[in-house]
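Work through the following exercises with the structure in view, and try each task before you read its solution.

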Amino acid sequence: MNYIKLRKNNLCVENILVQKLAKKYQTPFYCYSLSQLKYNFNTLSNAFKTVKPIICFSVKSNANISLLRELKKIGAGADVVSIGELLKAIKAGIKPKKIVFSGIGKTEEEIRLAIKKRVLLINVESENEVDLINKISKEFSRTISIGIRLNPNVTGKTHRKISTGGKDEKFGLSYKDFINLCKKVKKMKNLNLQGISVHIGSQITSVSPFKKVLSVINEIIDKTKIDFNFIDLGGGMGISYSKKEKQINLKQYAKLVNKFIKNKNSRIIFEPGRFIIGNAAILISKIIYIKKSNNKNFVILDAGMNDLMRPALYNAYHQIIPLKKINKIFRGKIEFVGPVCESSDKFLTQKRFSKIKEGDYVAIANVGAYGMSLSSNYNTRPTIAEIMITGSKHKIIKKRQSLANLVNN
Ligand SMILES: *Cc1c(COP(=O)(O)O)cnc(C)c1O
């Protein structure tokens, strides 16, 4: 189900004509479909209904507090990777008992807060982190629930920069180190080893890497004889950014997980980000100039790589859609670029595109995940607004940064 689509050649988000929004709000801005967000969450939750997983939304994919509040309402927990994300998730009303804390570089301050708030699991990634948590736990006179992140040496067949499960990556512990650390933690009175966690990367569209991961986890369980309360399978479920790329087959994945969980008493945790929010937003931008060069036309947008970094950072493909599609074709090759002073500030090259002119608007598609959350003030540009649509209603869920605020620090 798609809540963001062309209707009679006009781009709509739910019941709203995006063209109308573009005239109302200053561009560029992010525009979310709340129904899409809910639909995605429910799709995931239904696919895995046999195992009733705890679905911890990956806050780093999108940290807008209004969106977090909406996710909380429909039953999401949170996967956080910093003190800021932890505080924000709690502020959004998510119970600490539904929050897992991941990341290889948790500071003492972060660990203290996680313990104080009694999060469900601190997923540790090194022996030294275990020692630090153990030291801190003594001051609290409590046993602390931890999970250990395994590096299963499975790569997710995804972009090199978003793959995290290979043996040369910094994440998690190798099979051998994992087993040794389990032995050590078992002897620590203040620590309760409750979970095993993995996260092999992002935008994984085939289930075969997940299948491998499940078999490595089974080996670990056989070897350690630990009855983990929680098996945290991470996120990484891929979505469709282009026609060539199919979203992950959740039915197949669920089949694997159902089989895996049989005869175990463990609860499954997922940490999806992209799957929930990725296709629930577009970025609306205005064409400032069209500049002809030798062999192509630069369509210069008012959105830049500081607003949406994925194309520059990962060479990510994002479709660009005219808000009003007409039946005439633009003559010549087009390169959509931003105004930022970097040659990597470009979004897309197109051989064919609907006829557009300066002053027209376009939408960059599927930008809900790692869009706003990766944005910056580079080139001293203000962070942009976020608008949320439900049915025929629209509202600002984050204001565009004011120039006064931008300039004063
Ligand atoms: C980034 C991240 C996620 C979310 O990944 P998606 O591909 O957005 O689902 C989940 N868990 C951890 C530990 C992460 O670092």
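**Exercise 1: Charges and rings**

The charged end of lysine 264 lies over the ring of phenylalanine 260, at 3.8 Å from its centre. A charge counts as sitting over a ring if NZ of Lys or CZ of Arg is within 6 Å of the ring centre and within 35 degrees of the ring normal. The model is a predicted one, in which local features need pLDDT of at least 70 and side-chain atom pairs count only at pLDDT 80 or more, while totals for chains, interfaces and linings use all residues. Residues are numbered from 1 along each chain as its sequence is written, and side-chain values use heavy atoms, with hydrogens and water left out.

Task: find the ring over which the charged end of lysine 24 sits.

Solution: the ring belongs to tyrosine 25, and the charged end of lysine 24 is 5.7 Å from its centre.

**Exercise 2: Aromatic pairs**

Task: classify the pair of tyrosine 25 and phenylalanine 29, and then the pair of tyrosine 30 and tyrosine 32.

Solution: begin with the rule, by which rings of Phe, Tyr and Trp (its six-membered ring) pair if their centres lie within 6.5 Å, with planes under 30 degrees apart counted as stacked, over 60 as edge-to-face and the rest as tilted. This rule gives a count of 9 aromatic pairs. In the pair of tyrosine 25 and phenylalanine 29, the ring centres are 5.8 Å apart and the planes stand at 65 degrees, so the pair is edge-to-face. Tyrosine 30 and tyrosine 32, with 6.4 Å from centre to centre and 20 degrees between the planes, form a stacked pair. Tyrosine 25 and phenylalanine 29 are both buried (under 20% relative accessible area, where exposed is over 50% and partly exposed is in between, with a 1.4 Å probe and protein chains only). Tyrosine 30 and tyrosine 32 are buried as well. Finally, Phe48, Phe210, Tyr253 and Phe270 form one aromatic cluster.

**Exercise 3: Strand β5 and the barrel**

Task: decide which strands are joined to β5 by bridges, and how β5 is placed in the structure.

Solution: recall that strands (E, at least two residues) and helices (H or I, at least four) are DSSP runs numbered from the N terminus, and that two strands pair if DSSP finds at least two bridges between them. Strand β5 (residues 54-58) is joined by 2 bridges to β12 (residues 267-270), and the two run parallel. In β12, isoleucine 269 is the bridge partner of isoleucine 54. A further 3 bridges join β5 to β6 (residues 77-80), again in parallel, and here alanine 78 in β6 is the partner of phenylalanine 57. The 8 strands β5-β6-β7-β8-β9-β10-β11-β12, in that order, close into a barrel with parallel pairing.

Next, consider the side chains: in a regular strand they alternate between the two faces of the sheet. In β5, Ile54, Cys56 and Ser58 point one way, whereas Ile55 and Phe57 point the other way, and all are buried. Because 5 of the 5 residues of β5 are buried, the strand is largely enclosed by the rest of the structure.

**Exercise 4: The open sheet**

Task: name the edge strands of the open sheet of 3 strands.

Solution: the order of this sheet is β1-β2-β3, with antiparallel pairing. Its edge strands are β1 (4-7) and β3 (16-17), each of which pairs on one side only. Between β1 and β2 (residues 10-13) there are 4 bridges, and lysine 5 stands opposite cysteine 12 in β2.
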